Each structure stands twice: as C-alpha cells, then as structure tokens.
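Reader: I'm new to reading protein models. Could you walk me through the words used for this one?
Author: Gladly; here it is.

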Amino acid sequence: VNPKRSANINKLRESGNAEYRKQRYGDAIKLYTLGLQMALTRPAWEPAGLVRDEIHQLYSNRAQAYMQLGQWPEAAADAECSVEAKRQGNAKAWYRRGKCLMEMRRLQEAREWVARGLEFEGEEKELAELLKEIDSKLAAEKASRDAHDNDGPTVEEVD
C-alpha cells in the first residue's frame, strides 16, 4: 500500500470537511470528488477493503454536501454508493438516501430503503424517526387520494 496515496486521500477528505463546515459546499464536493478519483484508481493489488473504507466515507460526505445544495438525485446516488461500499455501520448513508428519496417524493421507495437500513443498523434513532416521517407522509398522501376519489362527480342515470 502506498502510504502517500492514503495520506493524500485522507487530506482531501479532511479539506472537504473543512470546506463543508465553512458552508462552501461546491468546494467540498470538488475535494471529495478528487479523493474518490484517487481512491478508485488505486492499483488492483492493493487491498479492496482499504478502498471500500475510503470511498464509503467520501461518497457519504459528498452526498451530504449535495443535500445542502438541494441536489437530491446526486446525493441519493452517492449515498447508495456509500452503502454499497459498506452496508453495516453506515447509518448516515442509509439515512441520507432515504431523506433524498423522500424529498424527491419517491415515498414508497424511501420507506423500503429506510426499512432495509434499519435491518442492517438495528433501531438507529435517526433512521427510525425518518421512517415515521415517511409513513406520515404516505398516510397523508393516501388520505388526500381517498378524499379526492370521494369528491368526484357522480353519474346520474338518464332515461
């Protein structure tokens, strides 16, 4: 393993985090992207586990920065990539994709995603709260549909 590459990837992640804290989300995204490019171009003989550890953090952090900009599809994709790299012990990425799907009004998909995340993470508080929020939105949507169906015009018989 090339220690310089590892140090550079870590430095890019930390610099991205610093830009994020300064609310310079676009700059944070650029730094996370550079870190991802560096991690994903490691030689094939280096440990795959090392790459997964690096990229799950970078994808999750970039997802959060995209969320701050309201770029829900990009954030959802990055959060999913983070979960694919590391399923368990990655509650933030599970939450972030669920939140993005909810914001994009893909409520059923969001519910399924968050429920699956809870299977991996156990009763993680933020995920459980997000599931309740999604369920309430689904219930409100169903109530609205039901009310709309009942308000429709009636058909009267004509002789």
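Reader: Where does E46 lie?
Author: E46 lies in the loop between helix 2 (25-40) and helix 3 (48-68). Helices here are DSSP runs of H or I with at least four residues, numbered from the N terminus. This is a predicted model, where local features need pLDDT of at least 70, side-chain atom pairs count only at pLDDT 80 or more, and totals for chains, interfaces and linings use all residues. Residues are numbered from 1 along each chain as its sequence is written, and side-chain values use heavy atoms, leaving out hydrogens and water.

Reader: Why is E46 called buried?
Author: Its relative accessible area is 8%, and buried means under 20%, exposed over 50%, partly exposed in between (1.4 Å probe, protein chains only). So E46 counts as buried.

Reader: What is E46 in contact with, leaving aside its neighbours within four places in sequence?
Author: E46 is in contact with V1 and N2, where contact means heavy atoms within 4.5 Å.

Reader: Why is C100 not bonded to C81?
Author: A disulfide is a pair of cysteine sulfur atoms within 2.5 Å. The sulfur of C100 is 12 Å from the closest cysteine sulfur, in C81, so that is too far for a bond. The structure holds 0 disulfides.

Reader: What makes C81 partly exposed and C100 buried?
Author: C81 has 32% relative accessibility, so C81 falls in the partly exposed range. C100 has a relative accessible area of 0%, so C100 is buried.

Definitions and conventions. Helix = DSSP H or I, 4+ residues; strand = E, 2+ residues; numbered from the N terminus.
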